[in-house]
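Hi,

Here is the structure I said I would pass on. Have a look at it first, and then read my notes underneath.

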Amino acid sequence: MGWLFSGAKINKIDINELKMNYLKHKNGKYFVDVRTQSEYKQKSIPGFVNLPLQTMQNQLNNVPKDKEIVVICQSGMRSAMACKILKKAGYEQVTDVRGGMNSW
């Protein structure tokens with residue numbers, strides 16, 4: 001069982017769950033959009049902080065460890081990578097929004 005990464009559970013939700021539950025009950029959550037600044041400026045969800053994937057590693061000190069981190073990107077690829085980075089950095093509650101902004 002050495003291939004199992006302890007604590008690797010990443011919660012996955014879809015856009016409907018984001019809209020119906022997460023955005024209505026924001027307490028205890030920190031919302032991160034890992035797309036580029038130009039993508040974020042074109043269209044973003046209120047309440048999401050832009051933290052581009054390519055600079056995320058250097059900005060983790062801006063992300064609170066005591067909240068659930070909800071991550072979105074354009075399609076779901078970058079958010080999945082960002083969630084892995086967060087888990088590796090010791091974040092316990094990490095949620096990936098499947099389908100990303102394409103589904104919004």
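Below is what I found, going from one helix to the cores, the salt bridges and a loop residue.

One thing to keep in mind throughout: this is a predicted model.

**Helix H4**

I started with H4, which runs over residues 77–88. Its twelve residues should span 16 Å at 1.5 Å a residue, and the C-alpha atoms at its ends are 17 Å apart, so the expected and modelled lengths agree.

Which residues of H4 are buried? They are Ser79, Ala82, Cys83, Leu86 and Lys87. These residues sit on the same side of H4, because they cover an arc of only 140° around the axis. Turn to the other side of H4 and you find Met77, Lys84 and Lys88 exposed. As for what covers the buried residues of H4, the list includes helix H3 (53–56), strand S4 (68–72) and strand S5 (94–97). Just after H4 comes Gly90, with a positive phi of about 100°.

**The two nonpolar cores**

A bit of background: in soluble globular proteins, nonpolar side chains tend to be buried together.

In this model, the largest nonpolar core has 17 residues, and Val34, Met56, Ile69 and Leu86 are the ones with the most contacts inside it. Strand S2 (29–33), H3, S4 and H4 each supply at least two residues of this core. Which element gives the largest share of this core? That is H4, with three residues.

If you want one residue to click on here, try Ile69. Setting aside neighbours within four places in sequence, Ile69 is in contact with Tyr30, Val32, Val63, Pro64, Leu86, Tyr91, Gln93, Val94 and Thr95. There is also a second, separate core, made of twelve residues, and Ile13, Leu23, Ile72 and Val97 are among them.

**Ser79 and Asp96**

Back to H4 for a moment, since Ser79 lies in that helix. Ser79 has 0% relative accessibility, so it counts as buried. Its side chain makes a polar contact with the side chain of Asp96, at 2.5 Å. Leaving out residues up to four places away in sequence, Ser79 touches Val34, Val71, Ile72, Cys73, Asp96 and Val97.

Asp96 has another partner as well: it forms a salt bridge with Lys12, where the closest N and O atoms are 3.9 Å apart. This pair links distant parts of the chain, with Asp96 in strand S5 and Lys12 in strand S1 (residues 11–13), 84 residues apart. Asp96 is at 3% relative accessibility and therefore counts as buried. Lys12, at 43%, counts as partly exposed.

**The other salt bridges**

How many salt bridges does the structure hold? There are three, and the Asp96 pair with Lys12 is one of them.

Another joins Arg35 to Asp33, with the closest N and O atoms 2.8 Å apart. Both Arg35 and Asp33 are buried. Asp33 lies in strand S2, and its relative accessibility is 0%. Not counting its neighbours within four places in sequence, Asp33 is in contact with Tyr40, Ser44, Phe48, Val49, Asn50, Leu51, Pro52 and Ile72.

Then there is Arg78 with Glu39, where the closest N and O atoms are 2.8 Å apart. This pair also links distant parts of the chain: Arg78 is in helix H4 and Glu39 in helix H2, 39 residues apart. Arg78 has 23% relative accessibility, so it counts as partly exposed.

**A loop residue, Ile45**

Last stop: Ile45, which lies in the loop between helix H2 (37–42) and strand S3 (48–50). Is Ile45 buried or exposed? At 2% relative accessibility, Ile45 counts as buried, the cut-off being under 20%. Apart from residues up to four places away in sequence, Ile45 touches Leu18, Leu23, Ile72, Met101 and Trp104. Of these, Leu23 and Ile72 belong to the second core. As for Met81, it is 36 residues from Ile45 in sequence and 20 Å from Ile45 in space, C-alpha to C-alpha.

If you only open one view, I would go for Ser79, with its polar contact to the side chain of Asp96.

Cheers

Key. Residues numbered from 1 in each chain as written. Predicted model: local features only at pLDDT ≥ 70, side-chain atom pairs only at ≥ 80, totals over all residues. Heavy atoms only, no water. Helix = DSSP H or I, 4+ residues; strand = E, 2+ residues; numbered from the N terminus. Buried < 20%, exposed > 50% of the residue type's maximum accessible area, 1.4 Å probe, protein only. Contact = heavy atoms within 4.5 Å. Expected span 1.5 Å × (residues − 1). Arc of directions from axis to C-beta. Core = buried A, V, L, I, M, F, W, Y, C linked by side-chain atoms within 4.5 Å. Polar contact = N/O pair within 3.5 Å; in protein donor to acceptor, adjacent residues only side chain to side chain. Salt bridge = Lys/Arg side-chain N within 4 Å of Asp/Glu carboxyl O.
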